[in-house]
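Trainee: Could you take me through one residue of this protein in detail? I would like to see where it sits, what surrounds it, and how that fits with the chain as a whole.

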Amino acid sequence: MKNRPFAARLGFALAGWATAWRREASFRTQSVLALGALGALILLRPAPLWWAIVAIVIALVLALELLNSALEAVIDLLHPDIHPQIKAAKDMAAGAVLMLSCAAIAVAAALLVAQADRLSAWFR
């Protein structure tokens with residue numbers, strides 16, 4: 001599969017997204033939350049830097065979720081039985097997604113604090 005044309009490689013990547021969407025509830029949940037974050041940006045209209053920060057965090061969370069799902073798929077194929085080392089590897093990968101998701105929540109909180117004046121105007 002090495003050295004395929006760009007269109008073929010793009011097709012593989014899009015197929016990976018589609019597979020994750022079909023098979024992984026966590027990927028669907030993270031994707032819906034990403035759409036919510038984009039909606040918040042549209043409503044709040046923050047500075048362009050906030051758009052960039054939120055876009056990077058969204059991409060990182062979804063990318064790590066894809067990596068976690070890929071790792072789990074390979075592990076399950078190679079060693080379908082329960083094993084303490086396999087459990088540890090899967091738990092650590094899930095922990096990485098959780099850590100980045102917590103960072104995304106921190107970015108969301110910082111955005112809301114930065115936009116407090118705009119939010120307070122809505123409630124007056």
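**A close look at Val54**

Mentor: Happy to! Val54 belongs to helix H3, which covers residues 48–78. Please keep in mind that this is a predicted model. Let us begin with exposure: the relative accessible area of Val54 is 8%, and because the cut-off for buried is under 20%, Val54 counts as buried. Across the protein, 21% of the 124 residues are buried.

Now for the company it keeps. Once neighbours within four places in sequence are set aside, Val54 touches Ala37, Leu41, Val107 and Leu111. Take Leu111 from that set: 57 residues along the chain separate it from Val54, yet their C-alpha atoms lie 9.0 Å apart. On the scale of the protein, among contacts with a separation of 6 or more, 66% join residues 24 or more positions apart.

Stepping back to the fold, the protein has 5 helices and 0 strands, giving the pattern α-α-α-α-α along the sequence. The C-alpha atoms occupy a box of roughly 60 × 40 × 20 Å along the principal axes. The radius of gyration is 18 Å, whereas a compact globule of 124 residues would come out near 14 Å.

Finally, the outside: the accessible surface is about 8,700 Å², and carbon and sulfur atoms supply 73% of that area. As for charge, there are 11 positive and 7 negative side chains, with 12 Å between the centres of the two sets.

Note on methods:
Residues numbered from 1 in each chain as written. Predicted model: local features only at pLDDT ≥ 70, side-chain atom pairs only at ≥ 80, totals over all residues. Heavy atoms only, no water. Helix = DSSP H or I, 4+ residues; strand = E, 2+ residues; numbered from the N terminus. Rg over C-alpha atoms; globule rule 2.2 N^0.38 Å. Buried < 20%, exposed > 50% of the residue type's maximum accessible area, 1.4 Å probe, protein only. Contact = heavy atoms within 4.5 Å. Areas by Shrake-Rupley, 256 points an atom, 1.4 Å probe, with all protein chains shown as cover. Lys, Arg positive; Asp, Glu negative; His and termini not counted. Charge placed at Lys NZ, Arg CZ, Asp CG, Glu CD.
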